[in-house]
Amino acid sequence: MSDSATAIDRARTVRNDARAVRRHQIGTAISYSILTVIAVVYIFPFLISIATAFKTDPNATANPLGLVPSPVTTAAFHDLYKNNDFLLWLKNSVIVTLSITFLRVFLDSLAGYALARLRFRGRGAAFATIVAVMAVPGVVLLIPKFLIIREFGIYDTYYGMIIPLLVDAAGVFIMKNFFESIPVSVEESARIDGANLFKVYWLIVLPMARPALVTIFILSFQGSWNELAHFVISAQSTSLNTLTKGVAQLASGQLGAGNRYPLKLAASVLMTIPVAILFFLFQRRIMNVSEGAVKE
Amino acid sequence: VAMPFAGTLGKRLREPGIHGHQAAAGWTFLAPVIIILGLFLVVPIVMAAWVSFSDWTGNGSPLGSHSHWVGLQNYRHLLTTPGLDQSNFGVSIRNNFYYVLLVVPIQTAVSLFLAVIVNRRVRFVGFFRTAFYFPSVTSSVAITVIFLFLFNPDGAINKLLSYLGAQGPAWIYDPDGLFHVILKQFGVHNPPSGLANGFFLGVSYWDWLAGPSVAMCVFILMAVFTTSGTFMLLFLAALQNIDDSVNEAAALDGASEWKKFRHITVPMIRPTIFTIITLGLIGTWQIFDQIYVGTQGSPSNTTLTPAFLSFNTSFNNNEWGVGAALAFILFGIIVLFTILTRLATRNPDRIPRRRRFTPVSGQGTTLQRTAATMSGGDE
């Protein structure tokens, strides 16, 4: 009796297992097809932009879907170089982005260290202020920032473009969290040896903080390279155009580019390259940034 | 011998002398950040608040003799006094409202969907994650240029639609509201008089009900395209925090994939869903770059947004007071929506801390209770 019951049970289990395996396989197949379709949707716009940048104007209009340009031409790139200030925009973007990024990494880590490690009165209040500032939406600040930049007489200068972006509360926050997560013992013994705090910070703390520094370096670089609104309100001379501002003007036809899609797309593709390189180099770390954010 | 020595050192660290030393260093380290935040954030906000109550037109300093106190006039121009300022404001609020209404749910759903399928143990996961995330790191300017190309009337999207036998709209040149377009399909071409003659914020009820214009739909698609990657990563992190044993237990009980998703996954990642909805609301009310690059508010003001209108009113029309007032109203809207989401999303099945481990009688399945308990513990 009990023997046959067990046998039936076992048979049922085996059948259920087989069904589960088949269901799993079908599930996997469906997952793959969905993933592939969506991946095509996400990648296609970039592929078609690259292809179109190498097309002639008439070909781009006549055959907007073609992924293989025929004939292949680099006219758009020549045009960017010769008739537009592309190199000037590039130079400005590089100057502004690198200044903002390096100074931001330095100032954010300095502040993060003080907030995480040093004991002093007003520390809590300072941190609360920084967090409160972080919550103010950026778009609301366009007019206020313009007003103060003009008041200080740094409108239409690199200073006006750079200084207001030097500090970001999120960077301070990331650094503070990082310093709180590493053991205090190494620097403590250095501090006890009587080295001054800046020396301890510069020679011992910073080298230990490399992972976090790389993180805010990437975030700052990407943020300031892609920044548009602040440069629109802080400068007006064409000689101070960054890539974002220049390409925006190109796109809206202010520079007489009309429907010249190969030209506009060539500019967009070129301006994406530095961020893309950074992204592929530090992919894992970039993706972990957001992951870390949710575990807080 | 080592222990008491370390103890003395520890005590010495906490002596007042060292404290004073640390205070000086602490404030020195913080000084650049505090000064820059103060000078370029706090002070300017106060200045802009003053401008929003003044008649400054951009001549000289807003703190000088060219600007005078006008009280609430600028706010009244936007909210109560009929005129161009008011109707532009109303239209921009309508446009952005529909943008938020569509983008936030769609991007949340798409990113959750992406996270769930990427979270399955499939091969090439790295490739798929990269593909979905890449649009999030590229500049809004480049993405806008690409979308203007894809969605131009003779562009790639319409070409694709023509292969499928459909004729695409003029996209960014088409000012027709989506709901109006749908009503036209049912033969409704003109508004009932009640809707045409009633106005709110200088915009007729009929126009309030227009829905997002076809042009705005391009920006809605763009927003989903660029943000879903970031939010996917946030969801992915939350999904990976779910203990496998919970899912396995449910599978043993014979729960289907959908049931597991609905009754385990969703309750357990509830806090993340709320975070993403809140981030989405804050972000979507601020849309500026795409409008500046793409349409500057055209066609027929149907892509005008408060952020762009505030910029345009100040920088191009020199109505600085009105522009600044608009910025503060926008700030108010964002704060209001953030508070509303917080209130609306308080977990109703959350079990109070004290009662968490006592059995809850007679409501929900064991599965739901387990999930609710665990998500409660996560918060």
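Here is a walk through how chain A meets chain B, and how far to trust chain A itself. This is a predicted model, where local features need pLDDT of at least 70, side-chain atom pairs count only at pLDDT 80 or more, and totals for chains, interfaces and linings use all residues. Residues are numbered from 1 along each chain as written, chains are lettered from A in the order written, and side-chain values use heavy atoms, with hydrogens and water left out.

Start with the interface. Chain A brings 95 residues to the contact and chain B brings 97, contact being heavy atoms within 4.5 Å. Between them they bury about 8,400 Å², with carbon and sulfur atoms giving 80% of that; buried area is the accessible area (1.4 Å probe) that two parts lose on being put together, summed over both. On chain A's part, L35(A), Y42(A) and I143(A) supply 9% of the buried area, more than any other three residues.

Now for the polar side of things. There are 0 salt bridges between the chains (Lys or Arg side-chain nitrogen within 4 Å of an Asp or Glu carboxyl oxygen). On the side of chain A that touches chain B, 66 residues are nonpolar, 18 polar and 11 charged (Ala, Val, Leu, Ile, Met, Phe, Trp, Tyr, Cys and Pro count as nonpolar, Asp, Glu, Lys and Arg as charged, the others as polar).

What about confidence? Mean pLDDT (the predictor's confidence in each residue, from 0 to 100) is 86 for chain A, with 88% of its residues at 70 or more. Over residues 289–296 of chain A, pLDDT stays under 50. Where pLDDT is low, the predicted coordinates shouldn't be read in detail.
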